[in-house]
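Work through the exercises below with the sequence and the model open side by side. Each task is followed by a solution that goes step by step.

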Amino acid sequence: MTNQIIPSVKRRQIIELAESGKRMDGRSLTDLRKVEIKTNVVEKAEGSATVKFGDTYVIAGVKFEIGEPFPDTPNEGVMSVSAEFVPLASPGFETGPPDENAIELARVVDRGLRESKLLDTSKLCLIPGKKVWIAWVDIFILDHCGNLIDASSLASLCALLTSKLPKAEVVGDEVKILDEYAPVPLRAVPINITLAKIGDKLFVDPSLDEEEVMDCRLSVAFALDDQKQEKICAMQKGGVGTLSFEELLRAVEIAKVKSQELRKLLPSGEK
Amino acid sequence: MDKKLITEDGRRLDGRRFDELRPIKFQIGVLKNADGSAYVEWGRTKILVGVFGPRESHPKHLAMPDRCLIRARYHMAPFSVEERKSPAPSRREIELSKVIREALEPAIFVELFPRTTIDIFAEVLQADGSTRCAAISTAALALADAGIPMRDLVSSVAVAKVDGNLVLDVMDIEDKLGDSDMPLAMMPSKNLITLIQMDGLLTNEEFAKSVELAKKGCMEVYAKQKEALDSHFRIASKEEV
Amino acid sequence: MFKIPINFGTRQLVVPGFLLAEGKYEAGPNVYNEGDKFYSTVIGLAELRNNVVTVIPLRGCYIPSVGDVVIGKVVDVITTAWMLDIRSPWLGVLFAKEHLSKPLNVMKEDARDYLDVGEMIIAKIISFDRTKNPALTTKEQGLGKIQRGTVIEVDPTRVPRIIGKKGSMISMLKKDSGCQIYVGQNGRIWISGKNREDEALVAGAIKKIEAEAHTTGLTDRIHEYLIKNRM
């Protein structure tokens with residue numbers, strides 16, 4: 001577990017540099033890394049996207065399948081988000097079932113998508129109580145260079161935004177999938193912003209170096225509600241450090257501004 | 001989804017005011033085998049926490065040369081919810097185990113016990129909302145009961161938005177039907193946040209108000225934690241050496 | 001010098017994070033400071049002695065300290081050492097050279113021939129700094145393998161009570177029972193008497209001390225208990 005030992009020299013370096021508002025990769029404390037989005041990168045998926053935040057590289061794919069609804073929501077389709085930390089992405093990742101980090105990541109991404117009510121699951125029902133569309137969102141981390149939450153959220157979002165839902169014909173208890181597609185019923189779009197706290201400074205879009213020495217991180221997702229008002233829709237603190245009340249509120253304000261910036265980069269036609 | 005969560009006279013479904021906690025009763029030292037233990041009845045939420053350690057890390061490769069490894073397991077009994085829950089840990093339980101550990105670890109002097117492990121086991125016997133908050137607050141008492149050196153206790157509570165109102169200490173139905181849920185944990189005498197999560201839709205102003213209400217709730221939980229420690233250890237404090 | 005008065009009464013019960021004092025004090029055991037503020041780290045009883053703020057813990061495991069004599073149980077045997085459960089977060093290690101009078105010939109002998117898993121020893125801690133396992137020795141008068149008698153356990157934080165003020169309680173126990181009694185700092189107590197009944201009597205008395213540690217007049221009551229229960 002030597003990778004859990006905090007490199008104190010690096011931490012001091014990062015903190016002292018931040019005193020003058022700078023970071024090791026040349027960014028200011030509130031700069032995002034260069035964000036690149038590519039959509040429809042996997043033809044066999046109904047939706048897919050790769051996202052880069054600097055060198056962090058993530059792919060998300062969406063597959064639609066017919067399945068059973070949950071008993072408490074018989075008229076609604078299902079969305080399921082999973083994340084895999086595949087071993088090629090980091091010397092620290094190992095093969096095996098998702099660990100707590102992969103599960104936390106998937107659940108934080110899921111919460112943003114779910115709470116913003118991005119996917120209109122009421123339109124994914126085929127036969128109430130029996131057959132609905134299940135949207136499987138699978139995230140693969142390809143290169144871990146920090147801030148997996150924002151990159152994975154954005155990749156999942158872009159994969160869903162550009163996905164196509166197969167058309168289906170319902171005859172009695174049978175569902176026939178047609179060779180035609182319709183756009184996926186989508187509503188408000190969540191944008192996630194993560195900040196790392198190191199010493200008394202907040203770092204937007206933390207790099208791997210920064211994550212290694214951080215006290216904790218805070219991820220905040222914003223979405224527009226029905227009245228087009230911008231709202232916080234999900235939040236997660238991670239890591240064993242603490243936040244003061246002032247830092248928490250400051251981080252949320254910064255995240256709001258940065259989410260507006262990231263929102264502008266979405267594939268055309270989306271807000 | 002149209003069920004009203006706030007009655008005409010501005011009360012919640014269990015009769016509480018918006019800023020009122022449910023009855024909370026902590027008990028300390030309830031298990032013989034554990035090095036520290038505590039139990040809570042928090043409204044209808046019932047949780048038992050046992051702490052073991054610090055003890056030699058097993059397997060050995062988990063040991064960290066400069067500090068103690070903290071492990072936490074949040075687990076729900078199959079009979080703790082309306083529909084039987086599979087006893088295998090769910091993704092939700094794995095995530096909650098992680099955030100609970102991260103909420104408690106800042107309070108523990110981990111550097112005093114290199115190469116050892118502290119295990120925190122929280123078993124939810126009955127769930128009626130705010131289980132992670134109750135588990136954290138109870139685990140803090142179990143850690144204190146184990147005599148593990150800590151900077152502070154950790155107190156936790158959740159705030160929800162239901163029918164447009166911010167309410168303190170969320171019960172299950174408010175969590176399920178409400179518009180937002182925000183668990184927060186803090187070290188009360190340090191005024192530092194160790195856990196914050198949120199889902200639902202809130203403006204920045206509403207969020208700031210939720211945080212304020214959660215802080216007030218945490219201080220009330222803290223008072224009950226101190227009360228529980230005081231009544232459990234009061235006898236021992238009369239000891240003469 | 002200006003000092004903000006201490007924030008507690010003598011032997012007041014305090015909880016982790018309790019602000020004990022503000023000012024120019026020193027942090028004693030179970031106290032930490034942030035600048036001039038001194039806080040308790042444990043549940044315990046607060047004290048101020050010679051400007052040092054201390055909390056006597058009411059709960060907790062045994063933390064080794066050089067010079068302490070403890071009672072250990074062998075839980076593992078490695079080539080030239082024994083690993084001992086001493087009820088602390090770390091296993092104690094007893095190297096062969098700290099136990100045997102001549103070097104262990106690993107080609108011909110097995111360390112188990114001298115001390116096997118499950119056996120108990122009285123040993124002294126000779127080094128400990130939290131980064132390595134505490135090392136022990138039995139090479140001193142009164143230390144070594146326990147060959148007979150009874151070993152019982154009490155909470156390590158209760159040890160001072162069992163010994164009593166200036167050893168008053170333990171001397172009385174020894175005198176009244178005629179048993180040899182050794183209280184390890186780690187809360188293990190070795191009792192060796194003429195017969196098992198005497199040992200059981202002392203064990204019962206010690207459990208009574210542990211349970212009633214908070215009451216006054218305990219020494220007298222334990223004395224009566226021993227007289228009454230002795231055949």
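**Exercise 1. Confidence in chain B**

Task: State what average pLDDT chain B has, and find which helix of chain B has the lowest confidence and which the highest.

Solution: The model is predicted, and chain B averages a pLDDT of 93, with 96% of the residues scoring at least 70. Turning to the elements, confidence in chain B is lowest in helix α3 (residues 172-177), where the mean is 92, and highest in helix α2 (residues 131-145), at 98. As a general caution, predicted coordinates should not be read in detail where pLDDT is low.

**Exercise 2. The make-up of chain C**

Task: Describe chain C by its helices and strands, its dimensions, its buried residues and its exposed surface.

Solution: Begin with the secondary structure, which in chain C comprises 4 helices and 16 strands. The C-alpha atoms of chain C fill a box of roughly 70 × 50 × 25 Å along the principal axes. Of the 231 residues in chain C, 48% are buried, and among the contacts with a separation of 6 or more, 57% are between residues 24 or more positions apart. Finally, chain C exposes about 11,200 Å², of which carbon and sulfur atoms supply 52%.

**Exercise 3. The two sides of a helix**

Task: For helix α4 of chain C, work out which residues are buried, which are exposed on the other side, and what the buried residues pack against.

Solution: Helix α4 of chain C runs over residues 218-229, and its 12 residues reach 16 Å from the first C-alpha to the last, close to the 16 Å expected at 1.5 Å a residue. The buried residues of this helix are C:L218, C:I222 and C:L226. Seen down the axis of α4(C), these buried residues fall within an arc of 75 degrees, so they line one face of the helix. An α-helix has 3.6 residues a turn, so residues three or four places apart point the same way. On the other side of α4(C), the exposed residues are C:D220, C:E224, C:I227 and C:K228. The last step is to look at the surroundings: the buried residues of α4(C) pack against α1 (159-163), α2 (168-177) and α3 (196-211) of chain C.

**Exercise 4. Salt bridges within a helix and across a chain**

Task: Compare the salt bridge of A:D110 and A:R114 with that of B:R16 and B:E174, asking where the partners lie and whether each is buried or partly exposed.

Solution: Side chains of opposite charge can pair when their charged atoms come close, and the structure holds 66 salt bridges over all chains. In the pair A:D110 and A:R114, the closest N and O atoms are 2.7 Å apart. Because they are 4 residues apart in helix α2 (residues 100-115) of chain A, A:D110 and A:R114 are separated by about one helical turn. A:D110 counts as buried at 12% relative accessibility, whereas A:R114 is partly exposed, at 40%.

For B:R16 and B:E174, the closest N and O atoms are 4.0 Å apart. This pair links distant parts of the chain, with B:R16 in the segment before β1 (24-28) of chain B and B:E174 in helix α3 of chain B, 158 residues apart. B:R16 is buried, with a relative accessible area of 4%, and B:E174 is buried too, with 0%. Both residues belong to a network of salt bridges that also links B:R12, B:D14, B:R22, B:R44, B:D128 and B:D169.

Terms used
Residues are numbered from 1 along each chain as its sequence is written. Chains are lettered from A and ligands numbered from 1 in the order in which they are written. This is a predicted model: local features need pLDDT of at least 70, side-chain atom pairs count only at pLDDT 80 or more; totals for chains, interfaces and linings use all residues. Side-chain values use heavy atoms; hydrogens and water are left out. Helices (H or I, at least four residues) and strands (E, at least two) are DSSP runs, numbered from the N terminus. The expected span of a helix is 1.5 Å times one less than its number of residues. Buried means under 20% relative accessible area, exposed over 50%, partly exposed in between (1.4 Å probe, protein chains only). The arc is that of the directions from the helix axis to the C-beta atoms. Contact means heavy atoms within 4.5 Å. pLDDT is the predictor's confidence in each residue, from 0 to 100. Accessible areas come from the Shrake-Rupley method with a 1.4 Å probe; for residues, only the protein chains shown count as cover. A salt bridge is a side-chain nitrogen of Lys or Arg within 4 Å of a carboxyl oxygen of Asp or Glu.
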